[in-house]
Amino acid sequence: VRPVLAYAFFAIYSFIKFLQYKIVITSTAIHEVIDILWNVDDQAIFAGIISFYFGQRAVSKLRGK
């Protein structure tokens, strides 16, 4: 169940980002589009996900599991 929910949230997130891209690309310069689509909140979400998966693996190796 947990992986299905993760994939569902990723699909929704990707769809929303795609819609943002379609709306913003028509009226904004490309460097501003990147700032809009990849903002601080997106960076925090990405860092949290990556650190959860890889951090959990590193900690379990340190504990000897």
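The paragraphs below go through the pocket of this predicted model and then two of its residues. Local features are described only at pLDDT of at least 70 and side-chain atom pairs count only at pLDDT 80 or more, whereas totals for chains, interfaces and linings use all residues. Residues are numbered from 1 along each chain as its sequence is written, and side-chain values rest on heavy atoms, with hydrogens and water left out.

The largest pocket (on a 1 Å grid over the protein atoms alone, an open set of points where a 1.4 Å probe fits, with protein on both sides within 12 Å along at least five of seven lines) holds about 640 Å³ of space, the volume being that filled by probe spheres set on the points, which are joined across faces, edges and corners. Its lining, meaning residues with an atom within 4 Å of a point, comprises 17 residues, of which A6, F9, F10, I49 and Y53 lie nearest the centre. Two or more lining residues come from each of α1 (2-24) and α3 (40-63), helices being DSSP runs of H or I with at least four residues, numbered from the N terminus; α1 gives the largest share, nine residues. By class, the lining has 14 nonpolar residues (Ala, Val, Leu, Ile, Met, Phe, Trp, Tyr, Cys and Pro), three charged ones (Asp, Glu, Lys and Arg) and no polar ones (the others, Gly among them).

Within helix α3 lies D42, which is buried (under 20% relative accessible area) at 4%. Leaving aside residues up to four places away in sequence, D42 touches Y13, K17 and L37, a contact being heavy atoms within 4.5 Å. K22, found in helix α1, is partly exposed (between 20% and 50%, with a 1.4 Å probe and protein chains only) at 47%, and its C-alpha atom is separated by 22 Å from that of F46, 24 residues apart along the chain.
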